[in-house]
Amino acid sequence: MNLFIVMYKEIVDNLRDRQTVFYALLFGPVLLPLLIGGSLVASFKQMTIDYDAVTTLSVVNAEKAPTLMEFLYSNNIDTIAAPDDVEKSVRSGESLVVLEISDDYGEALRNGSPAPLTLHVNNADKDSAKATRRINAVLNVYEQTLSSLRLQHRGIDPTTFDTLNIIEHDVSNEGANGQLLASILPFLFIMSMVMGGFYLAIDTTAGERERQSLEPLLSLPLSRTSVVMGKYAATVCFVLLSSALTALSIYILFRIFPLEIMGGQVRFDGPSVARAFFLVSPLILLISAMLISVSAITRSTKQAQTYLGVLMVIPMAPFFLLQYLNIRSSLTSMSLPMLSQYQLLENTVLGDAIPWLHVALSVAGTLVATAILLVLAARLYQREKLLD
Amino acid sequence: MIVANQLHKSFKRLGASRRAPKSEQYIAAVKSVSFSALDGCITGLLGPNGAGKSTTLRMLATLIKPESGNAMIDGHDVATQVLQVRKHLGFMPHNAGIYPRLTARENIHYYARLCGLTRKQSQQRTGELIEQLTMLKFADRRATGFSQGQKTKVALARALVHRPQTLMLDEPTNGLDVMATRGLREIIRQLASEGHCILFSSHIMQEVAALCDHIAIISDGTVVMEDSLNEILKRTGQNDLEDAFVQAAQSLNHGEDE
């Protein structure tokens with residue numbers, strides 16, 4: 001009963017604190033996904049070429065190669081006349097790529113010698129480099145067509161020159177892009193949990209000591225344990241809110257940005273995000289317990305911020321660990337809090353099957369760690385030193 | 001009613017080496033404190049800074065446990081009957097310690113709820129206290145910009161919220177202006193006349209002399225003299241409390257030298 005009174009008061013109190021609200025409701029759930037997820041999606045977009053989109057290409061001497069122009073046109077590339085100063089135009093970004101057909105192009109083709117084409121590109125410019133890749137790809141297809149025509153003309157089977165036929169068979173469900181994107185998801189969840197409860201935990205424990213409001217509070221007829229647990233419950237509420245909002249914003253973010261460009265195997269649809277949230281949810285309890293017990297040691301908000309700043313490495317550790325080492329899901333890794341959630345969430349997003357045993361181990365491991373931290377926090381509140 | 005009997009408490013010295021002898025590792029904040037405070041009476045705990053006043057009050061408020069000696073609040077032992085003691089005791093520490101983002105009313109209401117009052121009872125009791133301590137003007141403002149006097153009133157209301165028989169105030173007039181101090185004295189006298197036992201700690205002689213019926217002089221962790229103002233003056237042969245205090249404190253040092 002007292003627990004709920006303390007919880008309710010701390011929530012009301014902290015909802016009036018702009019800093020706490022900003023970090024719980026905006027920083028983790030909105031700003032982080034937009035910054036990290038958004039920039040990631042944008043960079044994939046830049047790398048990926050959509051061959052179906054119609055684009056325009058400036059061509060010098062277009063009239064010298066009517067067949068090529070037709071081929072380009074049939075590959076969704078409209079040709080327009082190039083500006084007078086080609087180099088300046090490409091450098092300034094006015095034209096992304098300019099194709100120059102040399103005067104002896106037609107002659108060389110007729111003679112069966114290599115026909116010269118010049119591409120004016122600006123590789124320092126991302127858009128230009130991307131357009132170049134697309135043009136090059138189309139030109140390569142055209143070249144192959146011409147080559148096989150020439151060979152057939154001379155009575156040679158074109159496949160004679162294909163000495164090796166290399167087939168890459170990717171057995172993973174996901175591409176490399178998907179892997180990175182999948183590891184971002186637990187990172188976003190855990191960061192928003194930490195940030196969501198961070199200031200409330202500090203304010204209710206170290207802040208209360210600093211304001212010297214702890215002394216009268218503890219002289220009231222209630223147990224210290226119910227005070228700590230009330231503060232813990234308030235932290236849990238904020239962390240829960242923050243992570244639920246993060247799930248929502250991740251869902252919306254990937255609704256706006258189509259995922260087909262990343263190969264299409266990464267799942268951020270409603271059920272997947274919901275499942276991810278369910279799998280990561282035990283961490284709400286653990287991270288809140290971590291925040292409360294660490295800030296219970298500290299005397300001032302400043303000290304608490306320093307301690308918790310260092311502590312922030314723990315939620316991020318699995319992210320970097322998994323980037324460097326390829327740790328496979330095992331029974332050991334599944335009983336480790338944080339690490340297990342990272343792996344489970346990656347599997348969820350990539351559409352891999354998750355054994356129930358793994359889920360159970362992950363939940364159990366996290367709850368045990370939570371219980372240990374809560375006992376520690378309650379012990380810390382029994383100390384006489386608390387009032388120094 | 002408060003009865004303290006040879007309370008003793010020592011703290012670990014900061015940075016003390018573990019190999020040092022025990023007497024050097026620990027520092028006695030309260031050596032031997034014995035006094036009593038009766039119902040309907042204002043008792044002053046008078047002593048300079050660092051004499052052990054706050055530590056004594058903390059032991060009485062069950063925040064820390066005495067190492068030896070014992071104390072009873074309205075017949076309940078502070079070491080063993082913690083919850084009973086807390087129910088009978090209102091404690092206002094030397095810093096108001098109110099929540100700046102809550103209004104005065106919310107600050108009091110929170111304590112009322114924690115003391116076990118229902119929502120309705122809490123609202124009623126909070127309203128009563130706001131009226132009794134003339135806080136109506138600022139009751140529904142957030143406490144951030146409160147003056148020291150306003151903060152003290154809120155803290156006092158919180159200490160009184162569960163109608164405790166015994167009230168302990170740790171240097172309540174610190175930082176108050178003349179008018180606020182007078183107002184607070186009025187309230188304290190009123191509470192005493194209603195039959196409450198009031199323990200009032202201070203280092204200001206005039207204040208204790210003006211307000212208290214009964215005075216316990218504490219110096220260097222020990223209560224050296226305990227009596228009414230007139231008796232203390234008579235016993236020390238002095239005309240005012242300040243001289244009497246110096247005399248009493250010296251007699252302690254004198255006693256140690258011998």
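## Rings, charges and a two-chain interface

In this predicted model, Arg158(B) places its charged end over the ring of Tyr111(B), at 4.1 Å from the ring centre. A second charge over a ring involves both chains: Lys9(A) lies over the face of Tyr99(B), 3.3 Å from the ring centre.

Tyr111(B) belongs to the buried residues of helix 4 of chain B, which also include Asn107(B), His109(B), Tyr110(B) and Arg113(B). How many residues of helix 4 (residues 104-114) of chain B are buried? Nine of the eleven are, so the helix is largely enclosed by the rest of the structure. As for what does the enclosing, the buried residues pack against helix 1 (2-15) and helix 9 (214-218) of chain A, along with helix 5 (119-132) and helix 6 (148-160) of chain B. Just past the end of helix 4 of chain B comes Gly116(B), with a positive phi of about 100°.

Now for the interface as a whole. Here 25 residues of chain A are in contact with 28 residues of chain B. The two chains bury about 2800 Å² between them, and 55% of that is on carbon and sulfur atoms. On the chain B side, Leu63(B), Arg101(B) and Leu114(B) supply 26% of the area buried against chain A, more than any other three residues. Leu114(B) is also one of the buried residues of helix 4 of chain B.

Salt bridges come next. There are 21 over all chains, and six of them run across the interface of chain B and chain A. Here are three pairs with their N to O distances:

| Salt bridge | N to O distance |
|---|---|
| Arg101(B) and Asp203(A) | 2.8 Å |
| Arg235(B) and Asp227(B) | 2.9 Å |
| Glu186(B) and Arg189(B) | 3.9 Å |

Why does the pair of Arg101(B) and Asp203(A) join two chains? Arg101(B) sits in the loop between strand 6 (89-92) and helix 4 of chain B, while Asp203(A) is in helix 7 (residues 176-204) of chain A, so the bridge spans both. Arg101(B) is buried at 14% relative accessibility, and Asp203(A) is buried too, at 9%. Both also belong to a salt-bridge network that includes Lys9(A), Glu10(A), Asp13(A) and Lys231(A). That brings back Lys9(A), whose other role is over the face of Tyr99(B).

Glu186(B) and Arg189(B) make a local pair: they are three residues apart in helix 7 (residues 178-193) of chain B, about one turn of the helix. An α-helix has 3.6 residues a turn, so residues three or four places apart point the same way. Is Glu186(B) buried or exposed? Glu186(B) is exposed, at 52% relative accessible area, whereas Arg189(B) is partly exposed at 34%.

Back to the rings: the model has ten aromatic pairs over all chains. Tyr23(A) and Phe27(A) form a tilted one, with 5.2 Å centre to centre and 55° between the planes. Both lie in helix 2 (residues 18-47) of chain A, four residues apart. Phe27(A) is partly exposed, with 22% relative accessible area. In chain B, by contrast, the planes of Phe138(B) and Phe146(B) are at 80° with centres 5.1 Å apart, so that pair is edge-to-face. Phe138(B) is buried at 6% relative accessibility, and Phe146(B) is buried with a value of 6%. The Tyr23(A) and Phe27(A) rings also join Phe22(A), Phe198(A) and Tyr199(A) in a cluster linked by ring pairs.

Finally, the layout of chain A. Its domain assignment gives domain 1 (2-46 + 173-387) and domain 2 (55-161), and their C-alpha centres lie 54 Å apart.

Note on methods:
Residues are numbered from 1 along each chain as its sequence is written. Chains are lettered from A and ligands numbered from 1 in the order in which they are written. This is a predicted model: local features need pLDDT of at least 70, side-chain atom pairs count only at pLDDT 80 or more; totals for chains, interfaces and linings use all residues. Side-chain values use heavy atoms; hydrogens and water are left out. Domain bounds come from an automatic or database domain assignment. Rings of Phe, Tyr and Trp (its six-membered ring) pair if their centres lie within 6.5 Å; planes under 30 degrees apart count as stacked, over 60 as edge-to-face and the rest as tilted. Buried means under 20% relative accessible area, exposed over 50%, partly exposed in between (1.4 Å probe, protein chains only). A charge sits over a ring if NZ of Lys or CZ of Arg is within 6 Å of the ring centre and within 35 degrees of the ring normal. Contact means heavy atoms within 4.5 Å. Buried area is the accessible area (1.4 Å probe) that two parts lose on being put together, summed over both. A salt bridge is a side-chain nitrogen of Lys or Arg within 4 Å of a carboxyl oxygen of Asp or Glu.
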